[in-house]
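Hello,

Here is the structure we talked about. Please look through it first, then read the notes below it.

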Amino acid sequence: MEHLFSDTAYLAYLENFITENRKEGFIRVLENRTKHFTVAVEDLFQLHNTSAVMRSCEVFGIQELNVVEERFGKKIDKEIAMGAQKWVDINRFNSNQDCIMDLKQKGYRIIATTPHDNDCLLEDFDISQPAAIFFGTERNGLSDEVMQQADGFMKIPMVGFTESLNISVSAAIILQNISTRLRNSGLDWKLTEAEMLEKRIDWTRKSIKDIDYITRLYLEKNKKEE
């Protein structure tokens, strides 16, 4: 089954079952998708915050969201995510350490979003290197694990009496800023051709009823032709 997600003939076959507008919409959106930045949310207690962060990822073109579910196992709130769970890839981890190790192995800097002695303001954040932006819990902020292993710290400039923002608001502000700067830069931030093909197939599959039956017909047709 896995090989089908790199099969251009399979994509062409599936696209017979969706409208031209939908096909063009997938291509247009994927042209603005990136894995240069990714987001990690750390064991959020309030489900709607995870869902709202996912929605911000989708809106601002961040393809992957990493969710740590060490204490609070949960399902994404579909109403608040408003369909974003179809279009954003969710990587789930049982611990902060598993998440950090996975992201570092993929070449991401770990960036903690919290006031810190060595932090930088959002507008000064260096977008040139791939980064995983970590957001902490509503109650206690980021864990010591993340803080101790972070490669950098970022904060949103604020000039009022309030010292912090809700996590979903913080995520939206940060992602809008860094994604806009990224798209206006000369950096190579887009998905690879292979990644785009995989997502076009994935999204097309999600748009077709009876996809298992239609896939079986495709495989049987190919077998006969062989």
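**The sheet**

Strand β2 (residues 64-68) runs parallel to β3, and five bridges join the two. Within this pair, Asn66 of one strand stands opposite Asn91 in β3. Please keep in mind that this is a predicted model.

The two strands belong to an open sheet of seven strands, in the order β3-β2-β1-β6-β4-β7-β5, with parallel pairing. Which strands stand at the edges? They are β3 (89-93) and β5 (120-121). Each has a single partner strand, so one side of each is left without a neighbour in the sheet.

A helix can be placed against this sheet. Helix α8 (residues 167-183) lies across β1 (37-42), β4 (109-113), β6 (131-135) and β7 (152-155). The angle between α8 and β6 is about 165°.

**Salt bridges**

How many salt bridges are there? The count comes to 11. Three of them are described here, followed by a network.

One of them is formed by Arg200 and Glu15, whose closest N and O atoms are 2.8 Å apart. Arg200 is in helix α9 (residues 193-206), while Glu15 is in the loop between α1 (8-14) and α2 (20-30); the pair links distant parts of the chain, 185 residues apart. Is Glu15 buried or exposed? Glu15 is buried, because its relative accessible area is 15% and the limit for buried is under 20%.

Another joins Glu58 to Arg33, with the closest N and O atoms 2.9 Å apart. Here too the pair links distant parts of the chain: Glu58 sits in helix α3 (residues 47-59) and Arg33 in the loop between α2 and β1, 25 residues apart. Glu58 counts as partly exposed, at 21% relative accessibility, whereas Arg33 counts as buried, at 2%.

Next, the side chains of Lys104 and Asp151 meet in a salt bridge at 3.2 Å, N to O. Lys104 lies in helix α6 (residues 96-105) and Asp151 in the loop between α7 (144-149) and β7, so the pair ties together parts that are 47 residues apart in sequence. Lys104 is partly exposed, with a relative accessible area of 35%. Asp151 also counts as partly exposed, at 46% relative accessibility.

Finally, which residues are joined into one network? They are Asp89, Lys199, Asp202 and Lys206, connected by salt bridges that share partners.

Regards

Notes: Residues numbered from 1 in each chain as written. Predicted model: local features only at pLDDT ≥ 70, side-chain atom pairs only at ≥ 80, totals over all residues. Heavy atoms only, no water. Pairing = 2+ DSSP bridges. Helix = DSSP H or I, 4+ residues; strand = E, 2+ residues; numbered from the N terminus. Contact = heavy atoms within 4.5 Å. Axes fitted to C-alpha atoms, helices over the stretch in contact; angles between N-to-C directions. Salt bridge = Lys/Arg side-chain N within 4 Å of Asp/Glu carboxyl O. Buried < 20%, exposed > 50% of the residue type's maximum accessible area, 1.4 Å probe, protein only.
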